[in-house]
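Me: I should like to discuss the helix packing in the model shown here. Please reason through each point before giving the result.

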Amino acid sequence: MTRALARAATMTLTMALLAAAAVHIVTAWRADALLATDPAGAARVRSDHPDALLALAHAELQRGDAGAAARTAQQLLARDPANGAGFAVLARALGDEGGSARQLERYRIAARRAPRDLSIRGWLVAHELQAGDFPAALEHIDALLTLPSRDRARLLEAIANLAADPAFADALAVRLGQRPRWRADLLRVASAMDAGAADPLFVALERNADLHASERRPWLDALLRQGRWGEAFARWAGSLPGPQQALPLLYNGAFASPPSNAGFDWRVRRVDGVVFERVADGDGSFARLRFLGSPVGRAGLEQPLLLAPGRYRLGLAARAADLRAEPGLEWSISCAGNGRRVASVRVPAGPRWETVAAAFDIPPDGCDGQWLRLVNPAAPGVAQRIRGELELRDLRIDRVEF
């Protein structure tokens, strides 16, 4: 063959290849254009177009033609065996054909090939829950919660509700012990639930010594909101470090440890114009509140109490450095359920440590839990402006025997 003929043959072959490529590109473009509106047409234009076949299979499933969807999915998988979405369609289209065991195996294969398919994961979660295989269900729940989804909040709520079943709660606690990324979100949702629906989950975590103080805190607050003060106290007391011993009626009254803002310890609420600090000196520790001149109703220092009906005495020591507050601050004790005030103890405001004590009664009814709060009894508004410092130590409550 002469050099000229060789060049001509090469040119002819090149033009043929370019023409074939052009046809391929045009048909692919036509198929892409038809995917959204006419998946069947897209499949006719390009019978080997994976997206077209997948769209057609989905459309056939949607109109209830499972047989056609299965055939289309099989056609797709013949050309692209690794197509996980195609196998997921095939699993849904074939349903229980071949028996429930075969159906389950298809869905498990589909989950491996299409790990981000929410519908496949959802089917497997439902199946494993019905079968009572909670660890297997949680494997798929973990996958669902790591995928972006608009339904994530509802899924977390559903899981928290399932935790009302102690058996599921135990399995869930084991899974949470592996520290999945969704642990904090789930425990936050569970803490907000009413009627103790998630109690078995928190109990299981406690039993496994796998409940951090920051995670227990919102659960205890939920118990208080539900009026379950005795249970909240028992859960909190059982979590305290060190050997179990009788607790004082007013915990940490000497501020020997920093307020934990949890359980029946001091709560330091954020209040504009008030700065709280715990100070240690040669005589122990005390609390210091600095008031910056803003109106203050509640000073932000408070503690829940669990006092049985009877007579008690509240005692404390206080010192003020140029505290300007009229008529002055006081400690208030009120019933948690109805807000009924059962005690008001004025705080001394001298430049040296002064002690004060006052008796009060807890009524026999309607006062199962109480709140101790440092408050300003002045009328709301300008009259509540406070400036200066107040220091507090050695707060205690004692039972008074008749």
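Me: How are α3 and α5 oriented to each other, roughly parallel or roughly antiparallel?

Reply: In this predicted model, the axes of α3 and α5 come within 10 Å and cross at roughly 20 degrees. Angles under 35 degrees count as roughly parallel. The two helices, α3 and α5, are therefore roughly parallel.

Me: Which residues of α5 make the contact with α3?

Reply: The crossing of α3 and α5 is left-handed. On the α3 side, the contact is made by L54, A57, H58 and L61. Their partners on α5 are A85, G86, V89, R92 and A93.

Me: What is the orientation of α3 to α4?

Reply: The axes of α3 and α4 come within 8 Å and cross at roughly 160 degrees. Because angles over 145 degrees count as roughly antiparallel, α3 is placed in that class with respect to α4: roughly antiparallel.

Me: Against which helices do the buried residues of α4 pack?

Reply: Helix α4 covers residues 66–79. Its buried residues are A68, A69, A70, T72, A73, L76 and L77. Those residues pack against α3 (50–62) and α5 (84–94).

Me: Over which residues does pLDDT stay under 50?

Reply: The chain averages a pLDDT of 84, and 87% of the residues score at least 70. There is nevertheless a stretch for which the model has 20 contacts beyond four places in sequence and where pLDDT stays under 50. That stretch is residues 12–35.

Methods
Residues numbered from 1 in each chain as written. Predicted model: local features only at pLDDT ≥ 70, side-chain atom pairs only at ≥ 80, totals over all residues. Heavy atoms only, no water. pLDDT = per-residue confidence, 0-100. Contact = heavy atoms within 4.5 Å. Helix = DSSP H or I, 4+ residues; strand = E, 2+ residues; numbered from the N terminus. Expected span 1.5 Å × (residues − 1). Buried < 20%, exposed > 50% of the residue type's maximum accessible area, 1.4 Å probe, protein only. Axes fitted to C-alpha atoms, helices over the stretch in contact; angles between N-to-C directions. Parallel < 35°, antiparallel > 145°, perpendicular 65-115°, else oblique. Left-handed = near helix turned anticlockwise from the far one by under 90°.
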